[in-house]
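Please open the model in your viewer and keep the sequence panel beside it. The stops below say what to select next and what is there.

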Amino acid sequence: MLPKNPDVVLVDTTLVVGAPVRLFVAGMGDALSTWFEAEDCKQTGSANMTGRVGSMTAYGLARMCFDTLLADGAAAKAAASQKIVTPEFERIVEANTLLSGLGFESGGLSGAHAIHNGLTALEGTHGYWHGEKVAIGTQSLLMLTKRPREIVNAVYGFCEAIGLPMTLADIGIGDATDDQLLEVAKLACDPADTMGNVPGSVTPKDVVAAIRAADAEGRARKAKQLAA
Ligand SMILES: [Zn+2]
């Protein structure tokens, strides 16, 4: 889409560590989607952001992105809260920028970003960052594509550990009606967006059900948290 690739990707972690922690966590929310969306594209043979099928390198980097988040995300957030650059912090910066960037551009997007894009139609979500809404999109995609329970647990456990949104209330739309979610879902299923890269045929009603299921999972987790 751009005439040439960047000559260099340079990130100064001593600057990044001074940014608000919420932004750093939102970056992990965006990076959380990368592997799932690349996997969907791999499974369906869908195009990446350059219009070509991804390379095995791209899919491998996307997986490395996810593994790094799970391994280092919580420790990196703790380091960011103290404004200390640790090896975990460095690795998450690499995952949030390089691995997620290459993973999505060269692997491709599917339902998490399509749902994010739909969510932006609801005014309540406007005070929330891209990555915070992508986290909800990712959780919804897991439900939509019936990912294995251990993956669902890993993703929610990660979101819980670092404080990413897990419910619609967390992104300002706890009172969303079915009609509003249907509007979100219709936008997400627009042929110009990337929902078509999800395996199987997906209807807006499926998307509403997936968003509701993801929200229910998040609310159940929070209820357990309170009871503990
Ligand atoms: Zn994104």
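A contact in this tour means heavy atoms within 4.5 Å. This is a predicted model, in which local features need pLDDT of at least 70 and side-chain atom pairs count only at pLDDT 80 or more, while totals for chains, interfaces and linings use all residues. Residues are numbered from 1 along each chain as its sequence is written, and side-chain values use heavy atoms, with hydrogens and water left out.

Select Asp 72 to begin, which is placed in helix H3 (residues 56-81); helices are DSSP runs of H or I with at least four residues, numbered from the N terminus. Setting aside residues up to four places away in sequence, Asp 72 touches Glu 88, Arg 91 and Ile 92. Asp 72 has a relative accessible area of 10% and therefore counts as buried, where buried means under 20%, exposed over 50% and partly exposed in between, with a 1.4 Å probe and protein chains only.

Move on to Lys 83, in the loop between H3 and H4. The phi of Lys 83 is positive, near 55°, in a residue other than glycine, and Lys 83 is partly exposed because its relative accessible area is 46%. A second place to look is Lys 146, in the loop between helix H6 (130-144) and helix H7 (149-162). Lys 146 is not a glycine either, yet has a positive phi of about 50°; with a relative accessible area of 72%, Lys 146 is exposed.

Next, select the zinc ion. Its coordination comes from Asp 30 (OD), His 113 (NE2) and His 130 (NE2), at 2.0 to 2.1 Å. Donors here are N, O and S atoms within 2.8 Å of the metal (3.2 Å for Na, K and Ca), and since water is not among the atoms, sites may look incomplete. Along the sequence, the donor residues follow the spacing D-x82-H-x16-H. Asp 30 in helix H2 (residues 21-44) and His 113 in helix H5 (residues 111-119) are 83 residues apart, a pair that links distant parts of the chain. Asp 30 counts as partly exposed because its relative accessibility is 23%, whereas His 113, at 11%, counts as buried.

Stay in helix H5 and select Ala 114, which at 0% relative accessibility counts as buried. Leaving out residues up to four places away in sequence, Ala 114 touches Ala 188, Asp 193, Thr 194 and Met 195. For a distance check, the C-alpha atoms of Ala 114 and Lys 186 are separated by 10.0 Å, although these residues are 72 apart along the chain.

Now turn to the aromatic rings. Rings of Phe, Tyr and Trp (its six-membered ring) pair if their centres lie within 6.5 Å, and planes under 30 degrees apart count as stacked, over 60 as edge-to-face and the rest as tilted. By this rule there are four aromatic pairs. The pair of Phe 24 and Phe 89 is stacked, because the ring centres are 4.7 Å apart and the planes lie at 25°. Phe 24 lies in helix H2 and Phe 89 in helix H4 (residues 87-107), so this pair ties together parts that are 65 residues apart in sequence. Both Phe 24 and Phe 89 are buried. Trp 35 and Phe 36 form a tilted pair, 5.0 Å centre to centre with 50° between the planes. Finally, add Phe 66 to that selection, since ring pairs link Trp 35, Phe 36 and Phe 66 into a cluster.

Terms used:
Helices (H or I, at least four residues) and strands (E, at least two) are DSSP runs, numbered from the N terminus.
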